[in-house]
Amino acid sequence: MPISDLCSFCANINFDALRNPLLSDLSAIRDGTVDTSRHPFKGKTEDAHASTQLGKLSDIAQRAENCHLCALMIKSLARHNGRRPQPDDVCRAETSFYGVYRAPSGHLYWTGRRLTIGIRTPQGSWAHAFQACNVGALSMDVDVQNRFQHKKPTDSMIFGGRRRPLSLDLNWVRQWIKICKTDHGHECETADVDGGSKTTTVRFVDVVSRCVVTLDNISLADHEYMALSYVWGGPQKVSIVRANKEALSKPGSLPIGHLPQTLEDAMCLARSLGFRHLWIDALCIIQDDLADKQVQIGQMSRIYGFSSLTVIAAMAKTADGGLPGIREGTRSLEQDEIIIHSEPAPGKEATAPTALSLMTTLYPLFNQNDHYLEHTPWNDRGWTMQERVMSRRVLVFMSEQVHWICREATFCEESYFENETLRFHRFHAAAMEPTLRRKFRNFFEPEDEELRLWTTYNNLVSRYTRRQFTYPGDVFDGFLCILEGMTALAGQEFLWGMPRSHFEQSILWTSFRGSTRRTELSTLPMTSLQVRITFPSWSWMGWIGEASILIGDDRLDEEIGETPEVVCFEHCHNPSRLQPISPAASRFKSLLTLAPLPRWKQSHSHSVTMSALETNMPQLYTRLPTVPEGLLLFFWTSMASFTLVPTVIPPAFTDGQAQVTADVMDAEGQKVGTVGTTSLGDDVAHRQGVHKFIVVGSRRNPFSDPVLLVLQVVWRDGIAYRMNSGEILEAAWERASPAWTLVVLG
């Protein structure tokens, strides 16, 4: 292949920064003696990812007649699924970080850069357009049996690009499974849930007999099966109900052509990979049987946790979308290669790696920090996240390629990631895999295991609350697997999605994008009373919109200085009683008693008793036996009134939906605090005027004036309901004539 002609703009790109390690580098990597003066082993402080200005898109199009790279840029940008590029858009090229690789010593090297073509727009639209590869990679065969190496005699690039076949080669998937089972061992075999107990009843699709089989009293940990995670997209063509469950148990009851395409493709894949049993929710949960739904949803953490392989249909908007690559004609995108540096001339030995080509990636990312699943139909649905989080191994079907992800490795069809010495991981925080347990720790993650646990929890809650439900009352059940996993792994217990160990911290969760109250009842009966409930306002589950929960013992440190100022109690039945929610409440009490008692506070540790409740709220006390346990919080705190002055944030400055923020003003009209962002339609929360606030925490550190962390509440029938969270200067609170109050928060 001849060297491609480049224009003066493209010639300024630092192509060397795109280089990946070579096979010949492995011994130096093992010994820790790599040459840090050359790529890809240079440190992060050098200017490898400096931008190169390319001019307007119209200029690039004009240069494309003579510059092969400009021509491929135009071709790649034309595939962008977001805002269509315009002739006057200004573009730039950047060799930006894409991933890191981990050596046996645990040392992380910066690598995996890709050539990013950026379009300067208000949304900052970007696309990963090119990856480095061996010269001639597009025409080379892949030796699947030899760790996917090129069939060529010269030194090969690790993590470089390769040709992806238009139809999925199932030998690649079989080899990925073999690598995982052979190389990764315990890390990828252990589930995030307890495998000791047996399931009462579980159903599978028998892909050989093409029917639904029911198995009783089995250990899923000892059973080989595959699970499917997909988007329904509306009523299902075929599902199991009470009327047809006997008919579907007969061999041949699911004939070819009778099922939606995604299900049919998944059955074909399972059979080809040697799995006889496939779990599909529409065919394994009796859809009109409430009791069966409760049983099956209750064991979904184990169903996905012990699945040998979970298949994700990421791009299909409905169950008829299929798995691209399983059938001929379902993938069409061809890759392109362009030579940047040639091989050394015959008879001459290069003093440093010289040969380098670029290959187009198979799809762009809207943002270089994104996970590849970010803008897929699958990623929008509420139920699917826990199916991914609990799975040990997943096979993700995108529109033009397949990804393999397990706890130890990430593989894909377009790149050579299958190396026994080095493991590749995405670099950016938002691009990390959503799992509860991962041996690999990236640069930005805390070293402390408990802090890392709460960082993971916050990330999962944030991702989950951006998703949508057909039935909003499913919000608890859609996150249940994750809560059960965190209980099994770390011994944590939760109340409506909030960790008991840090409960008083967690009720200060906030939303940076706005949220609205969830009014729908739970889809299934809940609590010991077995009734459908309204989700509590104090939990993020009681709201629709992205939530952020910053918790952990590090927030108690002097530099942050955030301390809970309340001790929350819950009501329990049989016998009727009030008890502290958090087993760590005594720890917070001890921290509080070290400081002088503020003027606004009567006591650091004011317990709530049944007698106090009977005295202060006799009507509520008498109807407690009919109130489901765990929905009401009881605590003593300080309450005061302040005025809100709202400001509307136009859609152009948000994610397309108008939002509202507000300043908190004192009686003299001075700004003394702020409240969080709410959605424009929530007129009660942001209405201008006087509102009630209660204290739940404080922040005292050397860097700012003391502030109280508050909840904006509205009272109905003696019960307070959260409307927003905020911060108010402690000095202003003391001037506002606060009252010491027993609060029941619903």
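The second largest cavity of this predicted model has a volume of about 70 Å³. Its lining consists of Asn20, Tyr98, Gly112, Arg113, Arg114, Gln131, Ala132, Phe159, Ser415, Phe417 and Phe424. By class, these lining residues divide into 5 nonpolar, 4 polar and 2 charged.

## Cavities and a pocket

Rolling a probe the size of a water molecule over the atoms shows where empty space is left. A search of the whole structure for cavities of 30 Å³ or more finds 10. The largest cavity holds about 150 Å³ of space. It is lined by 14 residues, and those closest to its centre are Ile405, Thr410, His425, Glu433 and Arg438. Strand E17 (402-406) and strand E19 (423-426) are the elements that give two or more residues to this lining.

The second largest pocket has a volume of about 730 Å³. Its lining comprises 25 residues, and Trp232, Gln287, Trp383, Tyr471 and Asp474 lie nearest its centre. The elements that give two or more residues to the lining of this pocket are helix H9 (290-298) and helix H11 (384-390).

The table sets out the volumes and the classes of the lining residues.

| Space | Volume | Nonpolar | Polar | Charged |
|---|---|---|---|---|
| Second largest pocket | about 730 Å³ | 11 residues | 8 residues | 6 residues |
| Largest cavity | about 150 Å³ | 5 residues | 3 residues | 6 residues |
| Second largest cavity | about 70 Å³ | 5 residues | 4 residues | 2 residues |

## Helix H12

Helix H12 covers residues 449-464, 16 residues in total. At 1.5 Å a residue, the helix should span 22 Å, and its end C-alpha atoms are indeed 22 Å apart, so the expected and the modelled spans agree.

At the N-terminal end, H12 is capped by Asp448. A side-chain oxygen of Asp448 lies 3.0 Å from the backbone nitrogen of Glu450.

The buried residues of H12 are Arg452, Leu453, Trp454, Thr456, Tyr457, Asn458, Leu460, Val461, Ser462, Arg463 and Tyr464. What do the buried residues of H12 pack against? Their partners are H11, helix H13 (480-490), strand E20 (494-495) and strand E21 (498-499). Helix H11 has already been named as an element that gives two or more residues to the lining of the second largest pocket.

## Asp206 and its surroundings

Asp206 is part of strand E9 (residues 199-206). Is Asp206 buried or exposed? Its relative accessible area is 5%, and buried means under 20%, so Asp206 counts as buried.

The side chain of Asp206 has polar partners in the model. One of its polar atoms lies 2.9 Å from the backbone nitrogen of Ser209. A polar contact of 2.9 Å also links the side chain of Asp206 with the side chain of Arg276. When residues up to four places away in sequence are not counted, Asp206 touches Cys211, Val213, Arg276 and His277. Arg276 therefore appears both in the polar contact with Asp206 and among the residues that Asp206 touches.

## Backbone features

Two peptide bonds before proline are described here. The bond from His39 to Pro40 is cis, with omega near 10 degrees. Pro40 belongs to the loop between helix H1 (26-31) and strand E1 (51-56). Asn574 and Pro575 are likewise joined by a cis peptide bond, with omega about -5 degrees. Pro575 belongs to the loop between strand E25 (569-572) and strand E26 (577-580).

Positive phi values are the next topic. Asn217 is not a glycine, yet its phi is positive, at about 55 degrees. This residue lies in strand E10 (residues 211-218). The relative accessibility of Asn217 is 52%, and the cut-off for exposed is over 50%, so Asn217 counts as exposed. Thr527, also a residue other than glycine, has a positive phi near 65 degrees. Thr527 is located in the loop between strand E22 (516-517) and strand E23 (543-544).

## Gly689 in strand E30

Gly689 lies in strand E30, which covers residues 689-701. Which residues is Gly689 in contact with, leaving aside its neighbours within four places in sequence? The contacts are with Phe642, Thr643 and Leu644. Gly689 and Leu644 are 45 residues apart along the chain, while their C-alpha atoms are separated by 5.5 Å.

Note on methods
Residues numbered from 1 in each chain as written. Predicted model: local features only at pLDDT ≥ 70, side-chain atom pairs only at ≥ 80, totals over all residues. Heavy atoms only, no water. 1 Å grid on protein atoms, 1.4 Å probe; cavity = no way out; pocket = protein on both sides within 12 Å on 5 of 7 lines; lining within 4 Å. Points joined across faces, edges and corners; volume = space filled by probe spheres on them. Helix = DSSP H or I, 4+ residues; strand = E, 2+ residues; numbered from the N terminus. Nonpolar A, V, L, I, M, F, W, Y, C, P; charged D, E, K, R; others polar. Contact = heavy atoms within 4.5 Å. Buried < 20%, exposed > 50% of the residue type's maximum accessible area, 1.4 Å probe, protein only. Expected span 1.5 Å × (residues − 1). Polar contact = N/O pair within 3.5 Å; in protein donor to acceptor, adjacent residues only side chain to side chain.
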